[in-house]
Each structure stands twice: as C-alpha cells, then as structure tokens.
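Reader: I should like to learn how the features of a protein model are read. May we take them one at a time?

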Amino acid sequence: MPFEESAAVRVVRRTGGQHPTLSNITRQMQKENLRPYVWDNTPNYRYAVRSHGYRKVMYVVEGTLEVTLPDSNQRVKLRAGDRVEIPAGVRHGAIIGSSGAKCIEASAGR
C-alpha cells in the first residue's frame, strides 16, 4: 500500500513553485481552527517513538525530516511545504535532516 493511501497517516505534498512562508502556513492552520506553534531542531536529531491523545498536524517550513511509523514499518521524508497529519494513538518518531528543520504544528481534536 503506498504511504499516502495509509488509513492512519495523511501526507500532503507541497505543489506549485512558490516556497511556503511561515506566515502563509500559520494563516492556513488558523483558518482550520488550529493553534500552531513553531519549533526547530539541529541536524540529525532523533525524536523517540511516541503517540499522542490528539491528532497532530505538522508542516515543514525549512529543511527536511523523516517521520517513522514503526507499527506499519513505514517512513516518509518531508520537505519544506509538506504536511503530515498523524491521528491520535498512532506511534511515530522523527529524524531531522542533515541541514536541520523548522516546523509548525498543532494539535487537533483534543
């Protein structure tokens, strides 16, 4: 099954030529009644596998990161402008790319 068709996790790839800005992504998330916050991390940092009691919505603003989904043995690399939605209870981890990453995320359905 291709990753994008997974019933659990949804990935939306950036389309078009314009690089997404932090303010554009923030406005989009606020239109969805989300309260986003920004974080960044250094190259090659690894986030341990965990799950949350809410749906996580995250965009990559700069750099890259790879989301790992150990229960389905899947990985997906996200680049600037890509969005991932991870449902509540889905175990996931992340590996920051070689140039670091800046992301904006929010919880939904708490």
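Reader: Which residues in the largest nonpolar core touch the most other members?

Author: The model before us is a predicted one. A core is read by asking which of its members touch one another. Here the largest nonpolar core has 17 residues, and those that touch the most other members are Met-58, Leu-65, Val-67, Leu-78, Val-84 and Cys-103. Two or more residues of this core come from each of strand 4 (55–69), strand 5 (74–79), strand 6 (83–86) and strand 7 (92–108). Strand 4 is the element that gives the most, with five residues. A second core, separate from this one, has nine residues, among them Met-29, Leu-34, Tyr-59 and Ile-104.

Reader: Which residues does Leu-78 touch, if those up to four places away in sequence are not counted?

Author: Leu-78 touches Val-11, Arg-13, Met-58, Val-60, Gly-63, Thr-64, Leu-65, Val-67 and Val-84. Of these, Met-58, Leu-65, Val-67 and Val-84 also appear with Leu-78 among the core members that touch the most others.

Reader: Does a residue's accessibility tell us how to class it; is Asp-82, for instance, buried or exposed?

Author: One compares the relative accessibility with a cut-off, which for a buried residue is under 20%. Asp-82 counts as buried because its relative accessibility is 5%. Asp-82 lies in the loop between strand 5 and strand 6. Its side chain makes a polar contact with the side chain of Arg-13, at 2.9 Å. Beyond its neighbours within four places in sequence, Asp-82 is in contact with Val-12, Arg-13, Arg-14, Met-58, Tyr-59, Val-60 and Lys-77.

Reader: And Asn-44: is that residue buried or exposed?

Author: The cut-off for an exposed residue is over 50%. Asn-44 has a relative accessibility of 51% and therefore counts as exposed. Asn-44 is placed in the loop between strand 2 (37–41) and strand 3 (46–50).

Reader: How far apart are Asn-44 and Ile-96 in sequence and in space?

Author: Separation along the chain and separation in space are read independently. Asn-44 and Ile-96 stand 52 residues apart in sequence, while their C-alpha atoms are 4.8 Å apart. With neighbours within four places in sequence left aside, the contacts of Asn-44 are Ile-96, Gly-97 and Ser-98.

Reader: Which residues line the largest pocket?

Author: A pocket is read from its volume and its lining. The largest pocket here has a volume of about 150 Å³. Its lining consists of Arg-14, Thr-15, Gln-18, His-19, Pro-20, Asn-24, Ile-25, Tyr-59 and Gly-81. By class, three of the lining residues are nonpolar, five are polar and one is charged. Arg-14 and Tyr-59, both in this lining, are also in contact with Asp-82.

Key
Residues are numbered from 1 along each chain as its sequence is written. This is a predicted model: local features need pLDDT of at least 70, side-chain atom pairs count only at pLDDT 80 or more; totals for chains, interfaces and linings use all residues. Side-chain values use heavy atoms; hydrogens and water are left out. On a 1 Å grid over the protein atoms alone, a cavity is a set of points where a 1.4 Å probe fits but cannot get out, and a pocket is an open set with protein on both sides within 12 Å along at least five of seven lines; lining residues have an atom within 4 Å of a point. Grid points are joined across faces, edges and corners, and a volume is the space filled by probe spheres set on the points. Ala, Val, Leu, Ile, Met, Phe, Trp, Tyr, Cys and Pro count as nonpolar, Asp, Glu, Lys and Arg as charged, and the others, Gly among them, as polar. A nonpolar core is a set of buried Ala, Val, Leu, Ile, Met, Phe, Trp, Tyr and Cys residues joined through side-chain atoms within 4.5 Å. Buried means under 20% relative accessible area, exposed over 50%, partly exposed in between (1.4 Å probe, protein chains only). Helices (H or I, at least four residues) and strands (E, at least two) are DSSP runs, numbered from the N terminus. Contact means heavy atoms within 4.5 Å. A polar contact is a pair of N or O atoms within 3.5 Å; within protein, one must be able to donate a hydrogen and the other to accept it, and residues adjacent in sequence count only if both atoms are side-chain atoms.
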